[in-house]
Amino acid sequence: MKRILNLQSAASKILFGRVLAAFGLSALVLSGGILNAASPDFSTSIPRGGKAGSEVRVTLMGNRLSDAEEILFHQPGMSFKDLKVVDDKKVEVTLVIAPDCRLGEHHFRVRCRSGISFARNFWVSQFPNHDEVEPNDDFAAPQKIPMNVTIEAEAKPEETDYYLVSVKKGERISVEVEGLRINNIPQNIAIDPYVSILNKDRFEIASADGSALLKQESILSIVAPEDGDYIVEVRDSAYQGRGRYRAHIGHFPRPTGIYPAGGKPGTEMEFSLLGDVKGAYKAKIKLPEKADNDTFGVFAAHEGLLPPSPNNVRISPLENALEVEPNNTHTEAAAVAGALPLAFNGILQQEGDVDFFKFTAKKDQSFQFRVFANSIGSPVDPVLTIYNEKMGSLGSSDDADGTKDSRVDFKAPADGTYFVRINDMLSRGGADFVYRIETISPPPGIDVTMPEMIRNEFQHMKQFNVPQGGYYAMVVNTARRGVAGDLKVEMPALPAGVTMVSGTVPRSVSQFPILLKAAPDAPVGGGLFDLVVKTVEGANPVSGKFVQTLDLVRGPQNGVPYYTKPFDKLPVAVAEATPFSVTIDQPKVPIVRNGTMKLKVRAHREEGYDNRITVRFPWLPPGISSPATMIFPEKATEIEYELNANANAEINEWNLTVIAESDGGKGVMYNAAPFINLSVEEPFVNVKLTMTSAKQGETVEMVAEVEHLRDYTAEGQVQLYGLPAHSTAEARPVKSGVESLSFPIVTTDKTPVGQHKGVFCTVTLMQDGEPIVHRLAMGSVFRVDPKPKEVAAAPAPAAKPAAPAEKKEKPLSRLEQLRLEAQKEKAAP
């Protein structure tokens, strides 16, 4: 299989211990910059999974874990007990896995008194864990293991692990590896698994390097050709990786496809499981009422065992339309029963296979045709095309929306018959080349996410650790689909002592800040909570629930996200109080379009806490900008943070806060300022500066034409800026009714010659003791010409001779004058 990411060895990042080295715990920030700033930092666990119906003692590793109190689980079926802090980098805990706990990937976080960690995954198996025993890197001396176990092991560079199993003829030998997905070494892939099954004579029966179902994770199954011993080989495909892996080795089925690839929520359906080494088999499955991303993982048993990971199907209210062969051409395609919207389901069963479906539509009916294939684990790389009755193309798509799957937006140009065609990009096909085409008219909705706060780290500042007596700010992204009007943000439940401070999200913006506030006596604790955004107006409100895609594995180059999962809960905790807080002085005046404002930000420090504090605006209103960060130096308690409003800054009243962060020696602590109200208004005046020119050394007047746009009473001041060096102009007063001002600009012999196009002026009006600053007439021009050269006076003419004709002498050049003067000086006694 083609490698998606280039492997790099993580060995260079080892600082302590063989196991810890595999997870790069010492390399917290490989790319420099801010620490991965959630305190605490939970990096990995050993072991990386456990058996359903068992209790597993797990070691959690990371940094700043000495105040750990609780494990927060994103999925049901697991609990914890007997949590013991070993030291700042290690916690031991017993995970209790229920017998009916869903197999596969789970996610949990560590909650400490200082806050909640990033999410990490943990894997649940039907088999007991079985530890790798070194040495097992010699084919002649493999580690003997029973069947139906999950190996917990470590891959190392330039090493191969061998496991010996004994089976009967006709039994399955199946292997599935969790490697790439369970390691989170920054900027590196720990292991890209390669597996093979060999007989005792070292003849390779089968091998796998990646899979369509699990991308770069390997799956492999054979039917034993005879009784005897077989060797399972596991290694990194390039012999470079270093990291943990889990290898399920047993008699379990391993279907690689499922058909049909979707069904209605809450219904029981019979599915065909395809691609298993013993042939296809069927299973009746009850589908849930809802599922994350409308995708559900089916675990279909065969001969008493389950595959270690599921086959994914779509959960959708659409009726299924199943392909009927032959349908390789539009003339063969049978009309589907029923009208759109439908879900077309089929299999590209052999190389070169093309499938057509025939449907009818009324003029101006609009549907989005979306393929689900690669995104649900099918090997199909689809190409989708829609035709009219005369086979004229109405739209085609290969890859869409950042995936390898296709999407075509269709609007029927007339009543009639239409065709949809699907094929693989490379004309491949096979028994498990399953696809599903959903035709939908997207209902009104609101997508709710949060922005990426720093590059290459989706989880940064996505856990909301609210300090006792303090605040935490978050920014909500909203994407309206067929929805207009203002929105409101709700969190139906929060930790004890925590309240949300929010405002209405104006219809003109897609981002908006909210604050979480913890009372001083709020108990330290936390959990996972819902966030919902709703329309304010209308009899039938539309709502959207927060869903965020978080990165679990990033690899080279440049930290590209490789393995991600959607999360629909916000981690919110009350953390211990920080030794500092920040506030912003409420301005008494507005900021105007084409204006500036300096906000006074204050740091309130506990006695003895003198560390540097960095503040930033997590969000600014449309048309308002500021420096990215400002810093309180050690011991400082006041700074000014400048805002700039452009000509299109949106007129409104806005909530504004800053987030403050400071490292007190145990990771970064956060606190936010209470909201202030920022009023953005129209300017009071406008000014045009006339183009003016002067010669070096001259004083000239630049005229300002003043236009009064709004009433004001106090006298203001106008100041020119952007004048060239060695030129000055004094500020001039302005008041209501003044239509023009004159600025004497004084230049010198040193004032640079040329056109100076950066001239502008500020108009400062005082109101309630605070300035309203306009920045106007940007790009005005002041031209400076060279000073005229001085010409020396010519010598007095000689006395006229008595001759009747007057003869004028030729004037001396400047050079000749200088020579003459030099001769005179030399001749003088």
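**Entry 1. A salt-bridge residue, K278**

I looked up K278 and found it partly exposed, at 36% relative accessibility. The scale I used calls a residue buried under 20% relative accessible area, exposed over 50% and partly exposed in between, with a 1.4 Å probe and protein chains only. The model is a predicted one, where local features need pLDDT of at least 70, side-chain atom pairs count only at pLDDT 80 or more, and totals for chains, interfaces and linings use all residues. Residues are numbered from 1 along each chain as its sequence is written, and side-chain values use heavy atoms, with hydrogens and water left out.

**Entry 2. The partners of E303**

I followed K278 to E303, since their side chains meet in a salt bridge at 3.4 Å, N to O. I took a salt bridge to be a side-chain nitrogen of Lys or Arg within 4 Å of a carboxyl oxygen of Asp or Glu. E303 is in the loop between β24 (295–298) and β25 (311–315). K278 lies 25 residues apart from E303, in the loop between β22 (268–274) and β23 (281–286). I read strands as DSSP runs of E, at least two residues long, and helices as runs of H or I, at least four, both numbered from the N terminus.

E303 also forms a salt bridge with R172, at 3.3 Å, N to O. R172 belongs to strand β14 (residues 172–178), and 131 residues separate this pair. I then checked exposure: E303 is exposed, with a relative accessible area of 52%, whereas R172 is buried at 1%.

**Entry 3. Other salt bridges**

I found E537 and R507 joined by a salt bridge, with their closest N and O atoms 3.1 Å apart. E537 sits in the loop between β42 (532–535) and β43 (543–545), and R507 in the loop between β39 (498–501) and β40 (511–518). Both count as partly exposed, E537 with a relative accessible area of 45% and R507 at 49%. I also noted a network of salt bridges that links E69, E70, R111, R113 and E576. The structure holds 43 salt bridges.

**Entry 4. Strands β61, β65 and β66**

I looked up strand pairing, which requires that DSSP finds at least two bridges between two strands. Strand β61 (residues 716–721) runs antiparallel to strand β65 (residues 754–767), and 5 bridges join them. L720 stands opposite C761 of β65. β65 also pairs with strand β66 (residues 770–785), in the antiparallel sense and over 11 bridges. M766 has P771 in β66 as its bridge partner. β65 and β66 make a hairpin with 2 residues between them, and D768 in the turn has a positive phi of about 55°.

**Entry 5. An open sheet**

I traced an open sheet of 4 strands, in the order β58-β60-β64-β62, with antiparallel pairing. Its edge strands, β58 (685–689) and β62 (727–729), each pair on one side only. At the β62 edge, 3 bridges connect β62 to strand β64 (residues 740–747), and T728 stands opposite V746 in β64.

**Entry 6. The whole chain**

I counted elements last: the protein chain has 2 helices and 66 strands. Its radius of gyration is 37 Å, well over the 28 Å that the globule rule gives for 829 residues, so the chain is more spread out than a compact globule. This radius is taken over C-alpha atoms, and the rule is 2.2 Å times the number of residues to the power 0.38. The C-alpha trace spans about 145 × 75 × 75 Å along its principal axes. Of the 829 residues, 51% count as buried.
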